[in-house]
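Here's a quick briefing to read alongside the structure. Have the viewer open and follow the topics in turn.

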There are 2 protein chains.
Amino acid sequence: MINIAAHSFHDATAIKLPQPAMAIAPMMAAKGLHSSAIRKVACNETLWCEGDERSHIFVVRTGAVCLSRTLPNGRRIVLDFAYPGDIIGLGADTQPCDAHTVQLTRLEAIPVAAFKRAVAEDPEFGRQASIQVANALSAAYQHVVVISKLSANERLASFLMALSRRNEAHGLSPMSILLPMKRLDIADFLGLTIETVSRTFTRFREAGLIAMDQHNVVVFRDLAKLRALAAGEGEHD
Amino acid sequence: MINIAAHSFHDATAIKLPQPAMAIAPMMAAKGLHSSAIRKVACNETLWCEGDERSHIFVVRTGAVCLSRTLPNGRRIVLDFAYPGDIIGLGADTQPCDAHTVQLTRLEAIPVAAFKRAVAEDPEFGRQASIQVANALSAAYQHVVVISKLSANERLASFLMALSRRNEAHGLSPMSILLPMKRLDIADFLGLTIETVSRTFTRFREAGLIAMDQHNVVVFRDLAKLRALAAGEGEHD
DNA sequence: GCGGTCGTGTGACAGTGTGTAACAGCCTTC
DNA sequence: GAAGGCTGTTACACACTGTCACACGACCGC
(Lines give C-alpha, C1' and ligand atoms only; values in the text may rest on other atoms or scores of the structure.)
Protein backbone atom coordinates (compact mmCIF):
# COMPACT_ATOMS: atom_id res chain seq x y z
CA MET A 1 0.00 0.00 0.00
CA ILE A 2 2.99 2.22 -0.12
CA ASN A 3 2.87 4.57 -3.01
CA ILE A 4 6.00 6.36 -3.95
CA ALA A 5 4.14 8.82 -6.09
CA ALA A 6 2.13 9.79 -3.07
CA HIS A 7 5.18 11.70 -2.07
CA SER A 8 4.58 14.13 -4.88
CA PHE A 9 1.34 15.18 -3.23
CA HIS A 10 3.10 17.92 -1.32
CA ASP A 11 2.14 21.42 -2.16
CA ALA A 12 1.85 23.27 1.11
CA THR A 13 5.26 22.09 2.22
CA ALA A 14 6.92 21.04 -0.99
CA ILE A 15 10.08 23.00 -0.37
CA LYS A 16 10.84 21.55 3.00
CA LEU A 17 10.41 17.93 2.06
CA PRO A 18 13.05 15.45 0.90
CA GLN A 19 13.11 14.40 -2.71
CA PRO A 20 11.28 11.18 -3.50
CA ALA A 21 13.95 8.55 -2.94
CA MET A 22 13.52 6.65 -6.17
CA ALA A 23 16.77 4.79 -5.57
CA ILE A 24 14.86 1.61 -4.94
CA ALA A 25 13.58 1.31 -8.49
CA PRO A 26 16.98 0.91 -10.17
CA MET A 27 18.04 -1.35 -7.30
CA MET A 28 15.08 -3.59 -8.03
CA ALA A 29 16.02 -3.68 -11.69
CA ALA A 30 19.61 -4.54 -10.83
CA LYS A 31 18.42 -7.48 -8.74
CA GLY A 32 16.44 -8.87 -11.63
CA LEU A 33 13.20 -8.40 -9.72
CA HIS A 34 11.74 -6.72 -12.78
CA SER A 35 11.97 -9.94 -14.69
CA SER A 36 8.74 -10.94 -12.96
CA ALA A 37 5.63 -11.52 -15.02
CA ILE A 38 3.70 -8.53 -16.31
CA ARG A 39 -0.01 -8.59 -15.61
CA LYS A 40 -2.58 -6.82 -17.72
CA VAL A 41 -5.52 -5.86 -15.51
CA ALA A 42 -8.85 -4.46 -16.69
CA CYS A 43 -10.42 -1.32 -15.26
CA ASN A 44 -12.15 -1.65 -11.87
CA GLU A 45 -10.38 -4.86 -10.95
CA THR A 46 -9.36 -5.41 -7.32
CA LEU A 47 -5.66 -6.11 -6.67
CA TRP A 48 -6.07 -6.73 -2.97
CA CYS A 49 -8.35 -5.87 -0.06
CA GLU A 50 -7.68 -4.37 3.35
CA GLY A 51 -6.56 -7.07 5.77
CA ASP A 52 -5.28 -9.38 3.02
CA GLU A 53 -1.92 -11.03 3.42
CA ARG A 54 0.44 -9.23 1.08
CA SER A 55 1.41 -11.54 -1.79
CA HIS A 56 3.08 -9.24 -4.31
CA ILE A 57 4.79 -5.91 -4.69
CA PHE A 58 3.50 -4.20 -7.83
CA VAL A 59 5.20 -1.72 -10.13
CA VAL A 60 2.69 0.24 -12.20
CA ARG A 61 3.68 0.34 -15.89
CA THR A 62 0.64 1.91 -17.54
CA GLY A 63 -2.78 2.92 -16.25
CA ALA A 64 -3.53 3.89 -12.65
CA VAL A 65 -4.33 2.23 -9.34
CA CYS A 66 -6.52 3.59 -6.56
CA LEU A 67 -5.81 2.84 -2.88
CA SER A 68 -8.88 3.14 -0.67
CA ARG A 69 -10.70 2.15 2.49
CA THR A 70 -14.42 1.59 2.96
CA LEU A 71 -16.46 2.22 6.11
CA PRO A 72 -18.97 -0.36 7.38
CA ASN A 73 -21.84 1.74 6.00
CA GLY A 74 -20.33 1.89 2.54
CA ARG A 75 -18.73 5.33 2.61
CA ARG A 76 -15.45 5.09 0.70
CA ILE A 77 -12.22 7.07 1.08
CA VAL A 78 -9.50 7.16 -1.56
CA LEU A 79 -6.14 7.29 0.19
CA ASP A 80 -3.89 7.58 -2.83
CA PHE A 81 -3.44 7.02 -6.53
CA ALA A 82 -0.52 5.13 -8.08
CA TYR A 83 0.65 6.10 -11.55
CA PRO A 84 3.17 4.58 -13.98
CA GLY A 85 6.54 4.14 -12.28
CA ASP A 86 5.07 3.91 -8.80
CA ILE A 87 5.60 0.94 -6.51
CA ILE A 88 2.68 -0.27 -4.41
CA GLY A 89 2.45 -2.95 -1.76
CA LEU A 90 5.54 -2.07 0.30
CA GLY A 91 5.19 -1.90 4.09
CA ALA A 92 3.50 -4.33 6.43
CA ASP A 93 2.58 -7.93 5.62
CA THR A 94 -1.08 -7.12 6.09
CA GLN A 95 -2.58 -4.70 3.58
CA PRO A 96 -3.83 -1.51 5.27
CA CYS A 97 -6.18 -0.64 2.39
CA ASP A 98 -7.93 -1.87 -0.73
CA ALA A 99 -6.30 -1.47 -4.15
CA HIS A 100 -8.15 -1.43 -7.46
CA THR A 101 -7.47 -0.25 -10.98
CA VAL A 102 -9.19 2.86 -12.34
CA GLN A 103 -8.04 2.16 -15.90
CA LEU A 104 -6.75 -0.67 -18.01
CA THR A 105 -3.47 -1.18 -16.19
CA ARG A 106 -0.25 -3.10 -16.80
CA LEU A 107 1.63 -4.15 -13.67
CA GLU A 108 4.86 -5.93 -12.87
CA ALA A 109 4.11 -8.38 -10.08
CA ILE A 110 7.00 -9.22 -7.76
CA PRO A 111 6.27 -12.05 -5.31
CA VAL A 112 6.82 -11.00 -1.70
CA ALA A 113 9.12 -13.98 -1.16
CA ALA A 114 11.47 -12.78 -3.91
CA PHE A 115 11.35 -9.27 -2.51
CA LYS A 116 12.15 -10.46 1.00
CA ARG A 117 15.07 -12.56 -0.30
CA ALA A 118 16.48 -9.43 -1.92
CA VAL A 119 16.10 -7.50 1.34
CA ALA A 120 17.79 -10.25 3.33
CA GLU A 121 20.72 -10.31 0.90
CA ASP A 122 21.20 -6.57 0.85
CA PRO A 123 20.35 -4.47 3.94
CA GLU A 124 20.68 -1.29 1.88
CA PHE A 125 17.82 -2.53 -0.26
CA GLY A 126 15.64 -2.93 2.82
CA ARG A 127 16.68 0.52 3.98
CA GLN A 128 15.55 2.01 0.68
CA ALA A 129 12.21 0.25 1.00
CA SER A 130 11.79 1.67 4.51
CA ILE A 131 12.46 5.15 3.19
CA GLN A 132 9.62 4.66 0.74
CA VAL A 133 7.28 3.76 3.57
CA ALA A 134 8.41 6.80 5.53
CA ASN A 135 7.77 8.96 2.47
CA ALA A 136 4.32 7.46 2.12
CA LEU A 137 3.68 8.36 5.76
CA SER A 138 4.74 11.93 5.10
CA ALA A 139 2.38 11.99 2.12
CA ALA A 140 -0.45 10.63 4.26
CA TYR A 141 0.21 13.42 6.76
CA GLN A 142 -0.06 15.91 3.93
CA HIS A 143 -3.32 14.30 2.86
CA VAL A 144 -4.66 14.85 6.38
CA VAL A 145 -3.65 18.50 6.15
CA VAL A 146 -5.36 18.94 2.78
CA ILE A 147 -8.58 17.29 3.88
CA SER A 148 -8.89 18.84 7.31
CA LYS A 149 -7.90 22.42 6.65
CA LEU A 150 -8.40 23.31 2.98
CA SER A 151 -11.59 24.48 1.27
CA ALA A 152 -13.04 22.70 -1.75
CA ASN A 153 -11.25 25.13 -4.08
CA GLU A 154 -7.95 24.63 -2.32
CA ARG A 155 -8.32 20.86 -2.24
CA LEU A 156 -8.94 20.55 -5.95
CA ALA A 157 -6.10 22.99 -6.70
CA SER A 158 -3.84 20.93 -4.47
CA PHE A 159 -4.78 17.77 -6.36
CA LEU A 160 -4.25 19.35 -9.79
CA MET A 161 -0.92 20.89 -8.78
CA ALA A 162 0.32 17.55 -7.48
CA LEU A 163 -0.34 16.04 -10.90
CA SER A 164 1.26 19.05 -12.59
CA ARG A 165 4.41 18.63 -10.48
CA ARG A 166 4.42 14.95 -11.23
CA ASN A 167 4.37 15.70 -14.96
CA GLU A 168 7.25 18.12 -14.48
CA ALA A 169 9.25 15.54 -12.52
CA HIS A 170 8.76 13.10 -15.40
CA GLY A 171 9.98 15.56 -18.02
CA LEU A 172 6.50 16.42 -19.30
CA SER A 173 4.86 19.82 -19.42
CA PRO A 174 3.47 21.07 -16.09
CA MET A 175 0.95 23.15 -18.03
CA SER A 176 -1.55 20.35 -18.68
CA ILE A 177 -2.52 17.06 -17.10
CA LEU A 178 -4.51 13.97 -17.91
CA LEU A 179 -6.97 12.68 -15.33
CA PRO A 180 -7.06 8.88 -15.50
CA MET A 181 -9.68 8.57 -12.78
CA LYS A 182 -13.37 9.46 -12.61
CA ARG A 183 -14.92 12.40 -10.74
CA LEU A 184 -16.10 10.05 -8.00
CA ASP A 185 -12.53 8.91 -7.33
CA ILE A 186 -11.33 12.52 -7.12
CA ALA A 187 -14.23 13.37 -4.81
CA ASP A 188 -13.48 10.43 -2.51
CA PHE A 189 -9.80 11.37 -2.51
CA LEU A 190 -10.46 14.98 -1.54
CA GLY A 191 -13.20 14.26 0.97
CA LEU A 192 -15.83 16.01 -1.18
CA THR A 193 -18.88 14.94 -3.14
CA ILE A 194 -18.88 14.42 -6.87
CA GLU A 195 -21.13 17.46 -7.29
CA THR A 196 -18.77 19.74 -5.42
CA VAL A 197 -15.85 18.52 -7.53
CA SER A 198 -17.85 19.17 -10.66
CA ARG A 199 -18.88 22.63 -9.48
CA THR A 200 -15.31 23.48 -8.52
CA PHE A 201 -14.03 22.51 -11.96
CA THR A 202 -16.66 24.80 -13.42
CA ARG A 203 -15.65 27.65 -11.09
CA PHE A 204 -11.99 27.21 -12.08
CA ARG A 205 -12.97 27.35 -15.75
CA GLU A 206 -15.11 30.45 -15.27
CA ALA A 207 -12.33 32.14 -13.28
CA GLY A 208 -9.88 31.50 -16.10
CA LEU A 209 -7.65 29.27 -13.98
CA ILE A 210 -8.00 26.23 -16.23
CA ALA A 211 -9.38 25.18 -19.59
CA MET A 212 -10.96 21.81 -20.37
CA ASP A 213 -11.83 20.53 -23.82
CA GLN A 214 -12.42 17.02 -22.59
CA HIS A 215 -13.49 15.79 -19.18
CA ASN A 216 -10.14 14.20 -18.48
CA VAL A 217 -7.73 16.83 -19.82
CA VAL A 218 -6.93 19.95 -17.81
CA VAL A 219 -4.90 22.84 -19.26
CA PHE A 220 -3.60 25.33 -16.71
CA ARG A 221 -4.08 29.03 -17.50
CA ASP A 222 -2.92 30.54 -14.20
CA LEU A 223 -0.46 28.23 -12.51
CA ALA A 224 0.65 30.84 -9.98
CA LYS A 225 -2.83 31.36 -8.61
CA LEU A 226 -3.54 27.64 -8.55
CA ARG A 227 -0.29 27.00 -6.67
CA ALA A 228 -1.17 29.67 -4.11
CA LEU A 229 -4.57 28.05 -3.66
CA ALA A 230 -2.99 24.60 -3.32
CA ALA A 231 -0.63 25.88 -0.63
CA GLY A 232 -3.56 27.15 1.39
CA GLU A 233 -2.44 30.74 0.94
CA GLY A 234 -5.54 31.92 -0.88
CA GLU A 235 -9.01 32.82 0.26
CA HIS A 236 -9.09 32.93 4.06
CA ASP A 237 -6.50 34.77 6.13
CA MET B 1 7.37 11.15 13.93
CA ILE B 2 6.31 7.59 14.11
CA ASN B 3 3.91 7.00 16.89
CA ILE B 4 3.22 3.47 17.92
CA ALA B 5 0.18 4.44 19.89
CA ALA B 6 -1.24 5.94 16.76
CA HIS B 7 -1.97 2.44 15.79
CA SER B 8 -4.60 2.22 18.45
CA PHE B 9 -6.59 4.90 16.65
CA HIS B 10 -8.47 2.27 14.71
CA ASP B 11 -12.11 2.02 15.39
CA ALA B 12 -13.79 1.59 12.06
CA THR B 13 -11.47 -1.24 11.15
CA ALA B 14 -10.05 -2.36 14.45
CA ILE B 15 -10.82 -6.00 13.90
CA LYS B 16 -9.02 -6.34 10.63
CA LEU B 17 -5.80 -4.68 11.69
CA PRO B 18 -2.66 -6.28 13.02
CA GLN B 19 -1.81 -5.89 16.69
CA PRO B 20 0.57 -3.07 17.52
CA ALA B 21 3.96 -4.71 17.15
CA MET B 22 5.47 -3.60 20.41
CA ALA B 23 8.33 -6.05 19.96
CA ILE B 24 10.71 -3.17 19.37
CA ALA B 25 10.36 -1.74 22.87
CA PRO B 26 11.80 -4.76 24.71
CA MET B 27 14.42 -5.07 21.95
CA MET B 28 15.51 -1.51 22.63
CA ALA B 29 15.72 -2.25 26.32
CA ALA B 30 17.78 -5.38 25.65
CA LYS B 31 20.23 -3.33 23.60
CA GLY B 32 20.73 -0.92 26.46
CA LEU B 33 19.33 1.94 24.39
CA HIS B 34 17.10 2.85 27.29
CA SER B 35 20.11 3.77 29.36
CA SER B 36 20.05 7.10 27.54
CA ALA B 37 19.46 10.28 29.51
CA ILE B 38 15.93 11.11 30.60
CA ARG B 39 14.77 14.61 29.75
CA LYS B 40 12.14 16.49 31.69
CA VAL B 41 10.35 18.87 29.31
CA ALA B 42 7.86 21.56 30.30
CA CYS B 43 4.44 21.95 28.71
CA ASN B 44 4.33 23.58 25.26
CA GLU B 45 8.00 22.96 24.50
CA THR B 46 9.02 22.06 20.95
CA LEU B 47 10.96 18.80 20.50
CA TRP B 48 11.59 19.31 16.80
CA CYS B 49 10.15 21.06 13.75
CA GLU B 50 9.09 19.81 10.34
CA GLY B 51 12.12 19.60 8.07
CA ASP B 52 14.60 19.24 10.93
CA GLU B 53 17.31 16.61 10.75
CA ARG B 54 16.31 13.86 13.13
CA SER B 55 18.67 13.83 16.09
CA HIS B 56 16.96 11.56 18.61
CA ILE B 57 14.38 8.85 18.96
CA PHE B 58 12.19 9.56 21.99
CA VAL B 59 10.33 7.21 24.28
CA VAL B 60 7.55 8.96 26.17
CA ARG B 61 7.62 8.11 29.90
CA THR B 62 5.02 10.49 31.33
CA GLY B 63 2.99 13.35 29.88
CA ALA B 64 2.00 13.62 26.23
CA VAL B 65 3.44 14.82 22.93
CA CYS B 66 1.56 16.33 20.02
CA LEU B 67 2.66 15.81 16.38
CA SER B 68 1.45 18.53 14.04
CA ARG B 69 1.93 20.48 10.83
CA THR B 70 1.23 24.15 10.23
CA LEU B 71 0.13 25.74 6.96
CA PRO B 72 1.79 28.92 5.68
CA ASN B 73 -1.22 30.96 6.82
CA GLY B 74 -1.03 29.62 10.35
CA ARG B 75 -3.72 26.96 10.24
CA ARG B 76 -2.50 24.01 12.33
CA ILE B 77 -3.28 20.31 12.03
CA VAL B 78 -2.57 17.79 14.78
CA LEU B 79 -1.49 14.51 13.18
CA ASP B 80 -1.15 12.40 16.27
CA PHE B 81 -0.62 12.28 20.01
CA ALA B 82 2.05 10.22 21.75
CA TYR B 83 1.38 8.89 25.24
CA PRO B 84 3.54 7.12 27.83
CA GLY B 85 5.17 4.05 26.28
CA ASP B 86 5.05 5.39 22.74
CA ILE B 87 8.13 5.83 20.58
CA ILE B 88 8.37 8.92 18.41
CA GLY B 89 10.96 9.94 15.84
CA LEU B 90 11.24 6.69 13.90
CA GLY B 91 11.14 6.84 10.10
CA ALA B 92 12.97 9.17 7.75
CA ASP B 93 16.01 11.27 8.64
CA THR B 94 14.02 14.44 8.00
CA GLN B 95 11.14 15.12 10.34
CA PRO B 96 7.80 15.16 8.49
CA CYS B 97 6.05 17.17 11.24
CA ASP B 98 6.50 19.32 14.32
CA ALA B 99 6.50 17.77 17.80
CA HIS B 100 5.69 19.58 21.02
CA THR B 101 4.64 18.66 24.53
CA VAL B 102 1.09 19.28 25.72
CA GLN B 103 1.95 18.54 29.34
CA LEU B 104 4.95 18.34 31.59
CA THR B 105 6.63 15.37 29.92
CA ARG B 106 9.48 13.01 30.74
CA LEU B 107 11.24 11.49 27.73
CA GLU B 108 14.05 9.04 27.12
CA ALA B 109 16.21 10.49 24.37
CA ILE B 110 18.10 7.98 22.23
CA PRO B 111 20.63 9.53 19.83
CA VAL B 112 19.99 8.56 16.22
CA ALA B 113 23.58 7.38 15.86
CA ALA B 114 23.13 4.84 18.67
CA PHE B 115 19.85 3.73 17.15
CA LYS B 116 21.42 3.28 13.72
CA ARG B 117 24.28 1.28 15.18
CA ALA B 118 21.76 -1.06 16.77
CA VAL B 119 19.98 -1.45 13.43
CA ALA B 120 23.24 -2.18 11.60
CA GLU B 121 24.16 -4.83 14.14
CA ASP B 122 20.79 -6.56 14.11
CA PRO B 123 18.66 -6.58 10.93
CA GLU B 124 15.69 -7.88 12.91
CA PHE B 125 15.81 -4.70 14.96
CA GLY B 126 15.58 -2.62 11.81
CA ARG B 127 12.72 -4.78 10.59
CA GLN B 128 10.79 -4.14 13.79
CA ALA B 129 11.36 -0.40 13.41
CA SER B 130 10.03 -0.60 9.83
CA ILE B 131 6.92 -2.35 11.07
CA GLN B 132 6.32 0.57 13.42
CA VAL B 133 6.52 2.98 10.51
CA ALA B 134 4.11 0.82 8.51
CA ASN B 135 1.73 0.81 11.47
CA ALA B 136 1.96 4.58 11.72
CA LEU B 137 1.08 4.75 8.03
CA SER B 138 -1.96 2.58 8.62
CA ALA B 139 -2.95 4.88 11.49
CA ALA B 140 -2.51 7.93 9.27
CA TYR B 141 -4.81 6.29 6.71
CA GLN B 142 -7.37 5.81 9.44
CA HIS B 143 -7.00 9.45 10.41
CA VAL B 144 -7.79 10.41 6.81
CA VAL B 145 -10.90 8.24 6.98
CA VAL B 146 -12.05 9.83 10.23
CA ILE B 147 -11.52 13.37 9.04
CA SER B 148 -12.91 13.01 5.55
CA LYS B 149 -16.00 10.92 6.15
CA LEU B 150 -17.17 11.21 9.73
CA SER B 151 -19.42 13.86 11.28
CA ALA B 152 -18.38 15.91 14.31
CA ASN B 153 -20.19 13.45 16.62
CA GLU B 154 -18.52 10.48 15.01
CA ARG B 155 -15.08 12.09 15.04
CA LEU B 156 -15.17 12.87 18.74
CA ALA B 157 -16.55 9.39 19.51
CA SER B 158 -13.75 7.90 17.45
CA PHE B 159 -11.19 9.91 19.41
CA LEU B 160 -12.65 8.97 22.80
CA MET B 161 -12.94 5.29 21.88
CA ALA B 162 -9.30 5.21 20.74
CA LEU B 163 -8.27 6.43 24.19
CA SER B 164 -10.63 3.95 25.83
CA ARG B 165 -9.09 1.09 23.87
CA ARG B 166 -5.64 2.33 24.76
CA ASN B 167 -6.55 2.21 28.43
CA GLU B 168 -7.83 -1.32 27.98
CA ALA B 169 -4.64 -2.39 26.21
CA HIS B 170 -2.65 -1.03 29.15
CA GLY B 171 -4.69 -2.92 31.72
CA LEU B 172 -6.71 0.10 32.82
CA SER B 173 -10.47 0.49 32.76
CA PRO B 174 -11.95 1.29 29.33
CA MET B 175 -14.85 3.02 31.09
CA SER B 176 -13.09 6.31 31.75
CA ILE B 177 -10.24 8.30 30.26
CA LEU B 178 -8.06 11.25 31.09
CA LEU B 179 -7.55 13.94 28.47
CA PRO B 180 -4.02 15.33 28.76
CA MET B 181 -4.48 17.83 25.93
CA LYS B 182 -6.56 20.98 25.58
CA ARG B 183 -9.75 21.39 23.58
CA LEU B 184 -7.84 23.20 20.85
CA ASP B 185 -5.51 20.23 20.36
CA ILE B 186 -8.49 17.87 20.09
CA ALA B 187 -10.16 20.24 17.62
CA ASP B 188 -7.05 20.46 15.45
CA PHE B 189 -6.68 16.68 15.58
CA LEU B 190 -10.25 16.05 14.47
CA GLY B 191 -10.37 18.80 11.86
CA LEU B 192 -13.01 20.74 13.83
CA THR B 193 -13.14 24.03 15.69
CA ILE B 194 -12.83 24.32 19.42
CA GLU B 195 -16.47 25.43 19.65
CA THR B 196 -17.73 22.36 17.81
CA VAL B 197 -15.69 20.10 20.07
CA SER B 198 -17.12 21.85 23.12
CA ARG B 199 -20.68 21.60 21.81
CA THR B 200 -20.21 17.93 20.93
CA PHE B 201 -19.02 17.13 24.45
CA THR B 202 -22.15 18.87 25.73
CA ARG B 203 -24.37 16.91 23.32
CA PHE B 204 -22.76 13.63 24.49
CA ARG B 205 -23.39 14.61 28.11
CA GLU B 206 -27.01 15.54 27.44
CA ALA B 207 -27.57 12.33 25.49
CA GLY B 208 -26.26 10.31 28.44
CA LEU B 209 -23.31 8.92 26.50
CA ILE B 210 -20.68 10.34 28.84
CA ALA B 211 -20.30 12.09 32.17
CA MET B 212 -17.73 14.74 33.02
CA ASP B 213 -16.98 16.10 36.46
CA GLN B 214 -13.81 17.83 35.36
CA HIS B 215 -12.84 19.15 31.94
CA ASN B 216 -10.20 16.49 31.42
CA VAL B 217 -11.91 13.37 32.76
CA VAL B 218 -14.48 11.49 30.69
CA VAL B 219 -16.57 8.65 32.09
CA PHE B 220 -18.38 6.51 29.52
CA ARG B 221 -22.04 5.73 30.17
CA ASP B 222 -22.92 4.03 26.87
CA LEU B 223 -19.83 2.46 25.36
CA ALA B 224 -21.80 0.48 22.79
CA LYS B 225 -23.42 3.54 21.24
CA LEU B 226 -20.14 5.44 21.30
CA ARG B 227 -18.36 2.58 19.56
CA ALA B 228 -21.05 2.42 16.90
CA LEU B 229 -20.65 6.16 16.35
CA ALA B 230 -16.86 5.83 16.19
CA ALA B 231 -17.13 3.11 13.57
CA GLY B 232 -19.22 5.37 11.37
CA GLU B 233 -22.24 3.13 11.73
CA GLY B 234 -24.49 5.72 13.30
CA GLU B 235 -26.48 8.65 11.96
CA HIS B 236 -26.42 8.66 8.16
CA ASP B 237 -27.19 5.56 6.10
C1' DG C 1 -9.48 42.58 47.42
C1' DC C 2 -8.73 43.77 42.17
C1' DG C 3 -7.70 43.18 37.25
C1' DG C 4 -5.54 40.37 33.97
C1' DT C 5 -5.00 36.10 31.22
C1' DC C 6 -6.25 31.46 29.89
C1' DG C 7 -9.22 27.72 29.01
C1' DT C 8 -13.84 26.49 28.41
C1' DG C 9 -18.83 26.78 27.39
C1' DT C 10 -22.90 28.80 25.02
C1' DG C 11 -25.75 31.56 21.82
C1' DA C 12 -27.01 33.87 17.26
C1' DC C 13 -26.01 34.00 12.70
C1' DA C 14 -23.77 33.23 8.22
C1' DG C 15 -21.58 30.36 4.90
C1' DT C 16 -19.86 26.33 2.73
C1' DG C 17 -20.82 22.10 1.18
C1' DT C 18 -24.45 18.42 0.84
C1' DG C 19 -28.49 15.89 -0.84
C1' DT C 20 -31.81 15.44 -4.10
C1' DA C 21 -33.25 16.22 -8.26
C1' DA C 22 -33.36 16.98 -13.21
C1' DC C 23 -30.85 17.25 -17.36
C1' DA C 24 -27.09 16.93 -21.07
C1' DG C 25 -23.56 14.34 -23.52
C1' DC C 26 -21.39 10.14 -24.90
C1' DC C 27 -21.15 5.34 -25.44
C1' DT C 28 -22.92 0.68 -26.36
C1' DT C 29 -26.51 -2.22 -27.84
C1' DC C 30 -30.16 -3.64 -30.47
C1' DG D 1 -31.71 5.50 -35.61
C1' DA D 2 -33.75 4.64 -31.03
C1' DA D 3 -33.19 2.93 -26.33
C1' DG D 4 -30.69 2.61 -22.29
C1' DG D 5 -26.77 3.10 -19.18
C1' DC D 6 -23.00 5.74 -17.46
C1' DT D 7 -20.69 10.00 -16.45
C1' DG D 8 -20.70 14.66 -15.73
C1' DT D 9 -23.10 19.18 -14.93
C1' DT D 10 -26.34 22.41 -12.90
C1' DA D 11 -30.04 24.21 -9.59
C1' DC D 12 -32.02 24.83 -5.11
C1' DA D 13 -33.34 24.06 -0.27
C1' DC D 14 -31.34 22.41 3.83
C1' DA D 15 -28.10 21.01 7.48
C1' DC D 16 -23.90 21.10 9.62
C1' DT D 17 -20.11 23.48 10.96
C1' DG D 18 -17.55 27.86 11.34
C1' DT D 19 -17.44 32.64 12.82
C1' DC D 20 -18.18 36.06 16.05
C1' DA D 21 -19.49 37.51 20.48
C1' DC D 22 -19.79 37.13 25.25
C1' DA D 23 -20.10 34.77 29.96
C1' DC D 24 -18.04 31.96 33.43
C1' DG D 25 -14.55 29.95 36.43
C1' DA D 26 -9.67 29.09 37.66
C1' DC D 27 -5.43 30.91 38.29
C1' DC D 28 -1.90 34.46 38.82
C1' DG D 29 0.39 38.78 40.12
C1' DC D 30 -0.40 43.16 42.02
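**Briefing: DNA contacts, a covered helix and the core**

α6(A) is the top contributor to the surface near DNA strand D, giving five residues. Keep in mind that this is a predicted model. For DNA strand C, the largest share of the nearby surface comes from α6(B), with four residues.

**Around DNA strand D**

- DNA strand D is surrounded by 16 residues, and the closest are A:R183, A:S198, A:T202, B:A152 and B:T196. Of the strand's atoms that come within 4 Å of the protein, 71% belong to sugar and phosphate.
- Two elements each supply at least two residues of the surface near DNA strand D: α6 (194-206) of chain A and α6 (194-206) of chain B.
- Sorted by class, the surface near DNA strand D comes out as seven charged, seven polar and two nonpolar residues.
- On the base side, A:R199 has a polar side-chain atom 3.3 Å from a base nitrogen of DNA strand D. B:R199 places a polar side-chain atom 3.4 Å from a base oxygen of DNA strand D.
- On the backbone side, a polar side-chain atom of B:T193 sits 3.1 Å from a phosphate oxygen of DNA strand D.

**Around DNA strand C**

- Here 15 residues surround the strand, with A:A152, A:E195, A:T196, A:R199 and B:T202 the closest. Sugar and phosphate make up 67% of the atoms of DNA strand C that come within 4 Å of the protein.
- Which side chain has an N or O atom 3.2 Å from a phosphate oxygen of DNA strand C? That's A:T193.
- A:R199 has a polar side-chain atom 3.4 Å from a base oxygen of DNA strand C, and B:R199 has one 3.4 Å from a base oxygen of DNA strand C. The elements that give two or more residues to the surface near this strand are α6 of chain A and α6 of chain B.
- By class, the surface near DNA strand C splits into seven polar, six charged and two nonpolar residues.

**Helix α5 of chain A**

- Helix α5 of chain A spans residues 183-190 and is mostly covered, with six of its eight residues buried. Those buried residues are A:D185, A:I186, A:A187, A:D188, A:F189 and A:L190.
- What covers the buried residues of α5(A)? From chain A, the cover includes β5 (76-82), β7 (98-101), α3 (123-149), α4 (152-169) and α6, and chain B adds its own α3 (123-149).
- Right after α5(A) comes A:G191, which has a positive phi, near 70 degrees.
- A:F189 also turns up in an aromatic cluster, where ring pairs link A:F81, A:Y83, A:F159 and A:F189.

**A buried polar residue**

- A:N153 belongs to helix α4 of chain A. Is A:N153 buried or exposed? A:N153 counts as buried, because its relative accessibility is 15% and the cut-off is under 20%.
- The side chain of A:N153 makes a polar contact with the side chain of A:R203, at 2.9 Å.

**The nonpolar core**

- The largest nonpolar core has 80 residues, and the members that touch the most others are A:L47, A:W48, A:V65, B:L47, B:W48, B:V65 and B:L90. As a general backdrop, nonpolar side chains tend to be buried together in soluble globular proteins.
- B:L90 lies in the loop between β6 (87-88) and β7 (98-101) of chain B, and B:L90 is buried, with a relative accessible area of 1%.
- B:L90 and B:F58 are 32 residues apart in sequence, with 8.6 Å between their C-alpha atoms.
- Beyond neighbours within four places in sequence, the contacts of B:V65 are B:L47, B:V60, B:D80, B:F81, B:A82, B:I88, B:A99, B:H100, B:T101, B:T105 and B:L107.

**Aromatic pairs**

- Over all chains, the structure holds twelve aromatic pairs. In one of them, B:F81 and B:F159 are tilted, with 6.1 Å centre to centre and 55 degrees between the planes.
- This pair links distant parts of the chain: B:F81 is in strand β5 (residues 76-82) of chain B and B:F159 is in helix α4 (residues 152-169) of chain B, 78 residues apart.
- B:F81 and B:F159 are both buried.

Key. Residues numbered from 1 in each chain as written. Chains lettered and ligands numbered in written order. Heavy atoms only, no water. Near = heavy atom within 4 Å. Polar contact = N/O pair within 3.5 Å; in protein donor to acceptor, adjacent residues only side chain to side chain. Nonpolar A, V, L, I, M, F, W, Y, C, P; charged D, E, K, R; others polar. Buried < 20%, exposed > 50% of the residue type's maximum accessible area, 1.4 Å probe, protein only. Contact = heavy atoms within 4.5 Å. Core = buried A, V, L, I, M, F, W, Y, C linked by side-chain atoms within 4.5 Å. Phe/Tyr/Trp six-rings, centres within 6.5 Å; stacked < 30°, edge-to-face > 60°.
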